[in-house]
Amino acid sequence: MKITFLGTSHGVQAPGRYCQSMLVDTENGGYIIDAGAPVMDCLLRMGYSLGKLKAVFITHMHSDHIEGIFGLLSRPCGYFKEMDFDVYFPETEGMDSVQRFLRAEGNDGCGRVRMHRMEQGEVYRDRWTAVSAYPTGHLKNRPAYGYLLEAEGKKLYISGDLDRNIDYPRFLEEEAVDAFVVECAHFPAENLAARLQHCKARRVIVIHVWPEGQYDVLRALAGMLPCKMEFPDDGDCLTI
Ligand SMILES: [Zn+2]
Ligand SMILES: [Zn+2]
């Protein structure tokens, strides 16, 4: 399992960083989590085999996690005809607004891009990969999720955006997942480091960091944590 970080910025683009998106690539298919970066452009530039993409999962409807979805969903019908994938939205209103946009540009769909509203629990399963969603309180009155991906005997958890109390799921303190991608923009970095003292993940990968000074705090505290901590930039690819 390989994770390529298409965008690692927090809520706002930064020089050298797109907003949040990552490609999880396996032998049998590719999966995108969040689409804050211009995903289609990123896939083309990295020479990714577009027909491999199986599904896209959105954590929540903040623009820094979704604004790159339009290019990804509008092009397969007219241009990249090898693409055939499913997209999972956390709420109906968000999914409807994307569908309305596609209709407004004259795109009535081609059956190879299928949109779904997901709920917590198992969202997706194919022969090789399972994806489950865990709610967070990041948005007060709207749904937001993190995702657990299981493939090739590995487990990867992606936090999505969290609430001020760093509400990632408790099972990360009971089970040693292979990698845990976590944000650090909605709480002090010291608080994240304190909670990670109890985390059993083998690797903790921090993205979506704001303000920038939180990187320095985390790097200073990383040596005291029980898990390895990493800070990828856009374009970095980690093998899990
Ligand atoms: Zn965000
Ligand atoms: Zn958010």
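The paragraphs below walk through a predicted model, beginning with its sheet and ending with its nonpolar core.

A good place to start is the open sheet, in which 7 strands follow one another in the order S6-S5-S4-S3-S2-S1-S14 with mixed pairing. At the edges stand strand S6 (113–117) and strand S14 (237–239), each of which pairs on one side only, and from one strand to the next the twist averages 20°. Within this sheet, strand S1 (residues 2–7) and strand S2 (residues 21–26) are paired in the antiparallel sense over 5 bridges, and here Phe-5 stands opposite Met-22 in S2.

Two helices can then be placed against these strands. Helix H2 lies across S3, S4, S5 and S6, and runs at about 135° to S6, whereas helix H3 lies across S5 and S6, running at about 155° to S6. Helix H3, made of 13 residues (92–104), reaches 18 Å from its first C-alpha to its last, which is close to the 18 Å expected at 1.5 Å a residue; it is followed by Gly-106, whose phi is positive, near 85°.

Between helix H2 (69–78) and strand S5 (85–89) there is a loop that contains Met-83. Met-83 counts as buried because 20 other C-beta atoms lie within 10 Å, and 20 or more is what the term requires. Leaving aside neighbours within four places in sequence, the residues in contact with Met-83 are Leu-50, Gly-51, Leu-53, Pro-76 and Arg-112.

Finally, the largest nonpolar core has 68 residues, and those with the most contacts inside it are Val-56, Phe-57 and Phe-180. Not counting residues up to four places away in sequence, Phe-180 touches Tyr-157, Leu-172, Cys-199, Ala-201, Val-204 and Ile-205.

Key: Residues are numbered from 1 along each chain as its sequence is written. Chains are lettered from A and ligands numbered from 1 in the order in which they are written. This is a predicted model: local features need pLDDT of at least 70, side-chain atom pairs count only at pLDDT 80 or more; totals for chains, interfaces and linings use all residues. A nonpolar core is a set of buried Ala, Val, Leu, Ile, Met, Phe, Trp, Tyr and Cys residues joined through C-beta atoms within 7 Å. A residue is buried if 20 or more other C-beta atoms lie within 10 Å of its own, exposed if 12 or fewer, and partly exposed in between; C-beta atoms are placed from the backbone. Two residues are in contact if their C-beta atoms, placed from the backbone, lie within 7 Å. Helices (H or I, at least four residues) and strands (E, at least two) are DSSP runs, numbered from the N terminus. The expected span of a helix is 1.5 Å times one less than its number of residues. Two strands pair if DSSP finds at least two bridges between them. Axes are lines fitted to C-alpha atoms, for helices over the stretch in contact, and angles run from 0 to 180 degrees between N-to-C directions.
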